[in-house]
Amino acid sequence: MGVQEPLLAQGAGEEGGEEGVDDRFLAAGDEGIGATVMGRNMFGPIRGPWKDEEWTGWWGDDPPYHHQVFVLTHHPRAPITMQGGTTFNFVTEGIEAALDRAFKAAEGRDVRLGGGAATIQQYLRARLVDEMHLAIVPVLLGRGERLFDNLEGGPIGYEGVEFGSSDSVVHARFIRK
């Protein structure tokens, strides 16, 4: 299972994107993906029990996934089917259950771990991440969550295999040794 954060690049079909290293990393990160796992914070800003059943995520009517997405949460919710083939499934049984369901839905393709930081940390601690693509953007966002906090020494057991940068993003790809 890999880790990748979304980027704005021409390959994403977004206006204003550019061809180049960012586009190449984005395209490579989308190849072979059959399902995504993400944390509840990545899905939306709502905490605690679901109060707004109308909320369907940050991305509008046609999310960029176009496959099954498994959202880790402590609060049950019915699946949400969106345009483009995206269905958000809400998993309350933990990270292993979400991963098992995602692998079944991916039908032999890869599973992407979309984030946020707390979700990625759980999978790293469980040694369930095979490859990571980190897109490092120098933007001050406030306190936020630090990706490698709470990992007892960082992402031990991973080797840097590819690095690249554009004017705005540094890309680093790591694989598990």
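Reader: Where is Thr 73 found in this structure, and what makes Thr 73 count as buried?
Author: In this predicted model, Thr 73 is found in the loop between β3 and β4 (80-81). Its relative accessibility is 7%, and since buried means under 20% relative accessible area, Thr 73 counts as buried.

Reader: How do you know that the side chain of Thr 73 makes a polar contact with the side chain of Arg 40?
Author: The distance given for the contact between these two side chains is 3.3 Å, and because a polar contact is a pair of N or O atoms within 3.5 Å, that value satisfies the cut-off for distance. A polar atom of the Thr 73 side chain also lies 3.1 Å from the backbone nitrogen of His 75.

Reader: Which residues is Thr 73 in contact with, leaving aside its neighbours within four places in sequence?
Author: With those neighbours left aside, Thr 73 is in contact with Arg 40, Trp 50, Phe 90, Val 91 and Thr 92. Two of these, Trp 50 and Phe 90, form an aromatic pair with each other, and the structure holds 10 aromatic pairs.

Reader: Why is the pair of Trp 50 and Phe 90 called edge-to-face?
Author: The ring centres of Trp 50 and Phe 90 are 5.3 Å apart, and because rings pair if their centres lie within 6.5 Å, the two count as a pair. The angle between their planes is 70°, and since planes over 60 degrees apart count as edge-to-face, the pair takes that name. The pair links distant parts of the chain, with Trp 50 in the loop between α2 (40-43) and β3 (68-72) and Phe 90 in strand β5 (residues 87-91), 40 residues apart. Trp 50 has a relative accessible area of 11% and Phe 90 a relative accessibility of 9%, so with the limit for buried at under 20% both of these residues are buried.

Reader: What makes Tyr 65 and Phe 88 an aromatic pair that is edge-to-face?
Author: The centres of Tyr 65 and Phe 88 lie 6.2 Å apart, with 85° between the planes, so the pair meets both the limit of 6.5 Å for the centres and the requirement of over 60 degrees for the planes. Tyr 65 lies in the loop between α2 and β3, whereas Phe 88 lies in strand β5, so the pair ties together parts that are 23 residues apart in sequence. Tyr 65 and Phe 88 are both buried, and they belong to one aromatic cluster, formed by Phe 43, Trp 50, Trp 59, Tyr 65, Phe 88 and Phe 90.

Reader: How do you know that the charged end of Arg 40 sits over the ring of Trp 50?
Author: The charged end of Arg 40 is 3.6 Å from the centre of the Trp 50 ring, and because the cut-off asks for a distance within 6 Å, the value meets that part of the test. Arg 77 also lies over the face of Trp 50, at 4.6 Å from the ring centre.

Reader: Why are the buried residues of helix α1 said to line one face of the helix?
Author: The buried residues of α1 (residues 21-30) are Asp 22, Asp 23, Phe 25 and Leu 26. Seen down the axis of α1, these buried residues fall within an arc of 165°, so they line one face. Following α1 is Gly 32, whose phi is positive, near 75°.

Technical notes
Residues numbered from 1 in each chain as written. Predicted model: local features only at pLDDT ≥ 70, side-chain atom pairs only at ≥ 80, totals over all residues. Heavy atoms only, no water. Phe/Tyr/Trp six-rings, centres within 6.5 Å; stacked < 30°, edge-to-face > 60°. Helix = DSSP H or I, 4+ residues; strand = E, 2+ residues; numbered from the N terminus. Buried < 20%, exposed > 50% of the residue type's maximum accessible area, 1.4 Å probe, protein only. Lys NZ or Arg CZ within 6 Å of the ring centre and 35° of its normal. Polar contact = N/O pair within 3.5 Å; in protein donor to acceptor, adjacent residues only side chain to side chain. Contact = heavy atoms within 4.5 Å. Arc of directions from axis to C-beta.
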